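I opened this entry to keep a record of what I looked up in the model. The notes follow the order in which I checked things.

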Amino acid sequence: MAGKPKLYYFNGRGRMESIRWLLAAAGIEFVEEFLETREQYEKLLQDGALLFQQVPMVEIDGMKMVQTRAILGYIAAKHNLYGKDLKERALIDMYVEGTRDLIDLIRVHHKFSPEEQEKNLALINERATARYFPVYEKVLKDHGTEFLVGNQLTWADVQLIEAILMVEEKVSTVLSKFPLLQDFKTRICNIPTIKKFLQPGSQRKPPPDESYVVTANRVFNRK
Ligand SMILES: N[C@@H](CCC(=O)N[C@@H](CS)C(=O)NCC(=O)O)C(=O)O
């Protein structure tokens, strides 16, 4: 039997957090090696473990996978979270890319100056309420099931709930005009695997702080 997937990244959200979410939602246990030192990163490079010299890297099923989207797609397909046919898969890809764009606005937020953060916060709010969330609200209404695609949980739902919770950390009232997304949030957060991931002490990571930035700069020899 294959061992648990092993995740190589910082002890923080960054690009790895969606992978943690998807594994957790699928009910898959995983272990993590946190990059703290330059030496750890150089060892991975010397071992040829990082195809493009980048993390996230995930050891899974005998592979050393890099590229966040490839990793997510593999996990989604393996654990039946990627739709039942090509058309469902195409919808999932579109929805996932939408939430990815929103998540990316938040993922880089901490890198900005206070003035830039103020502008970025306004942009996050505007994009969430005027571009992305109206789409998912309409999808839920038109599709008429509990999920965005088909009639069971998919990667699209998992990444949307991740995005919703991330935006709510910045703008707590963001769902006030989206009743179906409010119901969606309650429903998805009550799925046992997801509920467990939301408990304190899980492998879910907090928003980035100063020490996260210092560690990443040290590992990548920046500044
Ligand atoms: N397209 C890659 C980008 C990965 C990436 O930029 N990773 C950053 C850390 S979050 C990194 O390893 N940077 C070091 C470098 O690019 O040299 C992905 O989606 O996984």
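**Val 135.** Is Val 135 buried, partly exposed or exposed? I counted 14 other C-beta atoms within 10 Å of Val 135, so I put it down as partly exposed. A residue needs 20 or more such atoms to be buried, and 12 or fewer to be exposed. Val 135 sits in helix H5, residues 114–143. I also took its C-alpha distance to His 109: the two are 26 residues apart along the chain and separated by 23 Å.

**The model as a whole.** I note here that this is a predicted model. I find 9 helices and 4 strands in the protein. Read along the sequence, they come in the pattern β-α-β-α-β-β-α-α-α-α-α-α-α. The C-alpha trace spans about 50 × 50 × 30 Å along its principal axes. I compared the radius of gyration with the globule rule: 223 residues would give a value near 17 Å for a compact globule, and the protein has 18 Å, so the two agree. Of the 223 residues, 31% count as buried. I then looked at contacts between residues at least 6 apart in sequence, and 68% of these join residues at least 24 apart.

**Domains.** The domain assignment gives domain 1 as 6–79 + 198–219 and domain 2 as 86–189. I get 22 Å between their C-alpha centres. Across the boundary, 11 residues of domain 1 are in contact with 9 residues of domain 2. On the domain 1 side, the elements giving two or more residues are helix H1 (17–26) and helix H3 (68–78). H1 gives the most to that side, with 4 residues. By class I count 9 nonpolar and 2 polar residues there, and no charged ones.

**Core.** Which residues have the most contacts inside the largest nonpolar core? I list Ile 19, Leu 22, Tyr 136, Leu 148, Trp 155, Ala 156 and Leu 160, in a core of 55 residues. Helix H6, residues 155–170, gives the most to this core, with 9 residues. The core draws at least three residues from each of domain 1 and domain 2. As background, nonpolar side chains tend to be buried together in soluble globular proteins. I followed one of the core residues further: leaving out residues up to four places away in sequence, Ala 156 touches Ile 92, Tyr 95, Val 96, Leu 148 and Val 149.

**Ligand shell.** What surrounds the ligand? I find Gly 14, Arg 15, Gln 53, Gln 54, Val 55, Pro 56, Gln 67, Thr 68 and Phe 220. I sort this shell into 3 nonpolar, 5 polar and 1 charged.

**Backbone geometry.** For reference, most residues other than glycine have a negative phi, and most peptide bonds are trans. Two residues of the ligand shell, Gln 53 and Pro 56, turned up again in this check. The peptide bond from Val 55 to Pro 56 is cis, with omega near 5°. Pro 56 lies in the loop between helix H2 (38–46) and strand S3 (57–60).

Gln 53 is in the loop between H2 and S3. Its phi is positive, about 60°, although it is not a glycine. I have Gln 53 as exposed because 11 other C-beta atoms lie within 10 Å.

Asn 80 also has a positive phi, near 60°, in a residue other than glycine. I place Asn 80 in the loop between H3 and helix H4 (86–107). Why does Asn 80 count as exposed? I count 12 C-beta neighbours inside 10 Å, and the exposed class takes in 12 or fewer.

**Asn 11.** The last residue I looked up was Asn 11, in the loop between strand S1 (6–9) and H1. With 16 C-beta neighbours inside 10 Å, Asn 11 counts as partly exposed. How far apart in space are Asn 11 and Glu 59? Their C-alpha atoms are 17 Å apart, with the two positions 48 residues apart in sequence numbering.

Terms used: Residues are numbered from 1 along each chain as its sequence is written. This is a predicted model: local features need pLDDT of at least 70, side-chain atom pairs count only at pLDDT 80 or more; totals for chains, interfaces and linings use all residues. A residue is near a molecule or strand if its C-beta atom, placed from the backbone, lies within 6 Å of it. Ala, Val, Leu, Ile, Met, Phe, Trp, Tyr, Cys and Pro count as nonpolar, Asp, Glu, Lys and Arg as charged, and the others, Gly among them, as polar. The radius of gyration is taken over C-alpha atoms; the globule rule is 2.2 Å times the number of residues to the power 0.38. Two residues are in contact if their C-beta atoms, placed from the backbone, lie within 7 Å. Domain bounds come from an automatic or database domain assignment. A nonpolar core is a set of buried Ala, Val, Leu, Ile, Met, Phe, Trp, Tyr and Cys residues joined through C-beta atoms within 7 Å.
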